[in-house]
Amino acid sequence: MIIAEQKSLEEIKGLVQGAEKLLVVGCGTCVTVCFAGGAREASILASSLRMASKLNGHSQQVSDVTVQRQCEWEYLDPLREQVKDVDVVLSLGCGIGVQALAEHFPDTWVVPGLNTSFLGLPTEQGIWEERCAACGDCILGLTGGICPIARCSKSLLNGPCGGSEDGHCEINPDIPCAWQLIHDRLNKMGRLEVLMDVQTPKKWRASRDGGPRRIIRDDLRLASEEE
Amino acid sequence: MPGDCHYLEGNVHARRRVERIKRLLEDIGLQSERVKMVNLSSAMATGFVSEAQIMTAQIQQLGPNPLRAS
């Protein structure tokens, strides 16, 4: 899932400064699961902003609503009337949600309440770790299901590097060396021979190096929406 | 006592959440001293009275909630 963290209240107050009416929009998917921007967080943030503005003598009108997913138009349509009525929409969705709101409501000023951090999972309650870099050319089949792009600090294809020490990364001893993990797993699975294949340079064009990415599935497109 | 709760480690979790609330109150502009957590067992009546008196005095010193006053 997409992992995000809420911005500081100080930064958020700056982003919504001057707005008399404000709508906090939570998202019911990834950021709910990582406790950053779901219904509960939207409600707490709206209350916090109401209290903070009242203490500053401004009394902003702050309401909140949470949609199932901010990243699909059909979930945003029901917000149209509420959005029309406010000066600023504060999105507690990931960066995709913020942009979806701005794109769907082009006359509305939309600001982010979260910092979108990475694609990952909760390894235990209260701890999230990165697992995928969305590089567009998955090599997990060659690395025992452990991603060296996301989990090796240098994104090495043929690791480990000389900075791997006792199974940990040189940049931070709290970070496990991805290539040590890969080696250990392949060894356990009796498939160490996989490592004998030297990986050739990766096609980074499928990642961000090729510019903003787009996937088109003709089999799924609607004839009425084709350009 | 910490970690010795009817709900096992519940009071340890509660303390972390109270700490978070205290930081949030400061961010909002309210004094974090308006919330406090102390650990007392059901057999510590005297301790409870003492803590309640300390909290009452502290709140009186802070004055009314400015959100209600304005």
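**Notebook: strands and helices of chain A**

I began with a single pair of residues in this predicted model, and I noted that L22(A) stands opposite V88(A), a residue in β4(A). I then looked up the strands around that pair, and I found that β2 (residues 21-27) and β4 (residues 88-91) of chain A run parallel and are joined by four bridges.

Next I followed the sheet outward, and I wrote down an open sheet of four strands in chain A, with the order β3-β2-β4-β5 and parallel pairing. At its edges I found β3 (61-67) and β5 (109-112) of chain A, each of which pairs on one side only. I also checked how neighbouring strands of this sheet are turned against each other, and the average is 25°, with direction ignored.

I then turned to the helices that lie across these strands. Helix α3 (residues 39-55) of chain A lies across β2, β3 and β4 of chain A, and I noted that its direction is at about 175° to β3(A). Helix α6 (residues 95-104) of chain A lies across β2, β4 and β5 of chain A, and for this helix I wrote down an angle of about 180° to β5(A).

Last, I looked at another pair of strands, β6 (residues 114-124) and β7 (residues 127-132) of chain A, which run antiparallel and are joined by five bridges. Within this pair I found that G120(A) has E130(A) in β7(A) as its bridge partner. I recorded that β6(A) and β7(A) form a hairpin with two residues between them, and that G126(A), which is in the turn, has a positive phi of about 90°.

Conventions:
Residues numbered from 1 in each chain as written. Chains lettered and ligands numbered in written order. Predicted model: local features only at pLDDT ≥ 70, side-chain atom pairs only at ≥ 80, totals over all residues. Heavy atoms only, no water. Pairing = 2+ DSSP bridges. Axes fitted to C-alpha atoms, helices over the stretch in contact; angles between N-to-C directions. Contact = heavy atoms within 4.5 Å.
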